[in-house]
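Open the model in your viewer and switch on side chains. The tour goes one selection at a time.

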Amino acid sequence: MRRLSIWRKTVSPPGNEPPWTELTYTLVVSNTGSGLATGVIVTDTVPANTTYVGTSLTINGSGGFTDLADGDIATVSDGLITIDLGALAPGESKTIGFRVIIN
Ligand SMILES: [Ca+2]
């Protein structure tokens, strides 16, 4: 298991929003090293005072993952998002998206 240290997280819309606003978080994970990164696991927590929108997870814009720990590459449980990206080639990036609603 390896966690890449270089990643970027953004949220849209930014700033303070009222309750019931839907926010989209975007994480960009990049292999900035010169070698193949294997066993890349990305974890992130659902922000405090928000509720994760079920099955909203996407990788490079594509969804189809379940939130359950059922053998696909994504699990969302108890506010923890875990994604098994597998291998990243040097210079390769993956963009992860998920949505939450402000409580
Ligand atoms: Ca799953």
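This is a predicted model. Start by selecting Ala74 and Ile83: Ile83, in strand 7, is the bridge partner of Ala74.

Now widen the selection to both strands. Strand 6 covers residues 74-77, and strand 7 covers residues 80-88. The two pair in the antiparallel sense, over four bridges. Together they form a hairpin with two residues between the strands. Click on Asp78 in the turn: its phi is positive, about 50 degrees.

Next, look along strand 6. Which side chains point to which face? Ala74 and Val76 point to one face and are buried. Thr75 and Ser77 point to the other and are not buried. In a regular strand, side chains alternate between the two faces of the sheet.

Follow the buried side inward. Select Leu57, Val76, Ile81, Ile83, Leu85 and Phe98: these have the most contacts inside the largest nonpolar core, which has 14 residues. Strand 2 (22-30), strand 3 (37-45), strand 6, strand 7 and strand 8 (93-102) each supply at least two residues of this core. Strand 7 gives the most, with four.

Stay on Ile81. Beyond its neighbours within four places in sequence, Ile81 is in contact with Thr43, Asp44, Val46, Leu57, Val76 and Phe98.

Last stop: Leu80, also in strand 7. Is Leu80 buried or exposed? Leu80 is exposed, because 12 other C-beta atoms lie within 10 Å, and 12 or fewer counts as exposed. Outside its neighbours within four places in sequence, Leu80 is in contact with Thr43 and Thr45. Draw the C-alpha to C-alpha distance from Leu80 to Thr45: it is 4.6 Å, across 35 residues in sequence.

Key. Residues are numbered from 1 along each chain as its sequence is written. This is a predicted model: local features need pLDDT of at least 70, side-chain atom pairs count only at pLDDT 80 or more; totals for chains, interfaces and linings use all residues. A residue is buried if 20 or more other C-beta atoms lie within 10 Å of its own, exposed if 12 or fewer, and partly exposed in between; C-beta atoms are placed from the backbone. Two strands pair if DSSP finds at least two bridges between them. A nonpolar core is a set of buried Ala, Val, Leu, Ile, Met, Phe, Trp, Tyr and Cys residues joined through C-beta atoms within 7 Å. Two residues are in contact if their C-beta atoms, placed from the backbone, lie within 7 Å.
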